[in-house]
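Visitor: I'd like a close look at just one part of this protein, with the links that hold on to it. Please pick a spot and stay with it.

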Amino acid sequence: MATIWKFTKFVLVLLVVGGLLWIIMANYSVIFSKTVVGEITGVERVEIPVALVSRSDSDITSKVFSFAIGIKDKKTGDIYTASSEDRQWAVAQPGQCAEAVFLPYPPWEFTKKGTYFGARLVRLYECPK
């Protein structure tokens, strides 16, 4: 009976650890996101060379609203860059200040490790003089 109880505890611990690991891997970008507050150095619409004749459930319609963003962090002076499909970036202009959440690529994507995607615009405002 003691052997069955030890095996049951081992399986439960293994399931809990596996579940926590799965949650961290599935939500890595959100858990390790970085909030950047500073001046926008650039916002460029990424143009795709494709005719826009497509169905509404196509992936191309989301790429039509793709932007490349650069924000200079006011604390460190580092410029953070990311790509985003957030349509709010269409109104942002260089020289304005913004608070944005940058989502990092997970470290197991070796070619994109250390870079950001999905910059989410939280707040847009005029920079104080």
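Guide: What follows is a walk around strand β5 and its partners.

A quick word on ground rules: this is a predicted model, where local features need pLDDT of at least 70 and side-chain atom pairs count only at pLDDT 80 or more, while totals for chains, interfaces and linings use all residues. Residues are numbered from 1 along each chain as its sequence is written, and side-chain values use heavy atoms, with hydrogens and water left out.

To get your bearings, the chain has three helices and five strands, with helices (H or I, at least four residues) and strands (E, at least two) taken as DSSP runs and numbered from the N terminus. Read from the N terminus, the order is α-α-β-α-β-β-β-β. Of the 129 residues, 28% are buried; here buried means under 20% relative accessible area, exposed means over 50%, and partly exposed is in between (1.4 Å probe, protein chains only).

Now to β5 itself, residues 116-125. It pairs with β3 (residues 79-84) in the parallel sense, over two bridges; a pair of strands counts if DSSP finds at least two bridges between them. In that pairing, S83 has F117 of β5 as its bridge partner. Strand β4 (residues 97-104) also joins β5, this time antiparallel and through seven bridges. There, V101 stands opposite R120.

R120 is a good place to stop, since its side chain makes a link of its own. It forms a salt bridge with D86, with the closest N and O atoms 2.8 Å apart; the cut-off is a side-chain nitrogen of Lys or Arg within 4 Å of a carboxyl oxygen of Asp or Glu. This pair links distant parts of the chain, with D86 in the loop between β3 and β4, R120 in β5, and their positions 34 residues apart in sequence. D86 is buried at 13% relative accessible area, whereas R120 is partly exposed at 43%.

The structure holds two salt bridges, and β5 has a hand in the other as well: R123 pairs with E99, their closest N and O atoms 3.6 Å apart. Here E99 sits in β4 and R123 in β5, 24 residues apart. Both ends count as partly exposed, E99 at 22% relative accessible area and R123 at 42%. As a rule, side chains of opposite charge can pair when their charged atoms come close.

Just past β5 comes a covalent tie. The one disulfide of the structure joins C97 and C127, with sulfur atoms 1.9 Å apart; cysteine sulfurs within 2.5 Å make the cut. C97 lies in β4 and C127 in the segment after β5, so the link ties together parts 30 residues apart in sequence. The link is right-handed, with 110° about the S-S bond, and both cysteines are buried.

One more neighbor rounds things off: E39, in strand β1 (residues 34-45). Leaving out residues up to four places away in sequence, E39 touches both C97 and C127, along with G70, I71, K72, G95 and Q96, where contact means heavy atoms within 4.5 Å. E39 is partly exposed, at 41% relative accessibility. Its C-alpha is 5.3 Å from that of K72, although E39 and K72 are 33 residues apart in sequence.
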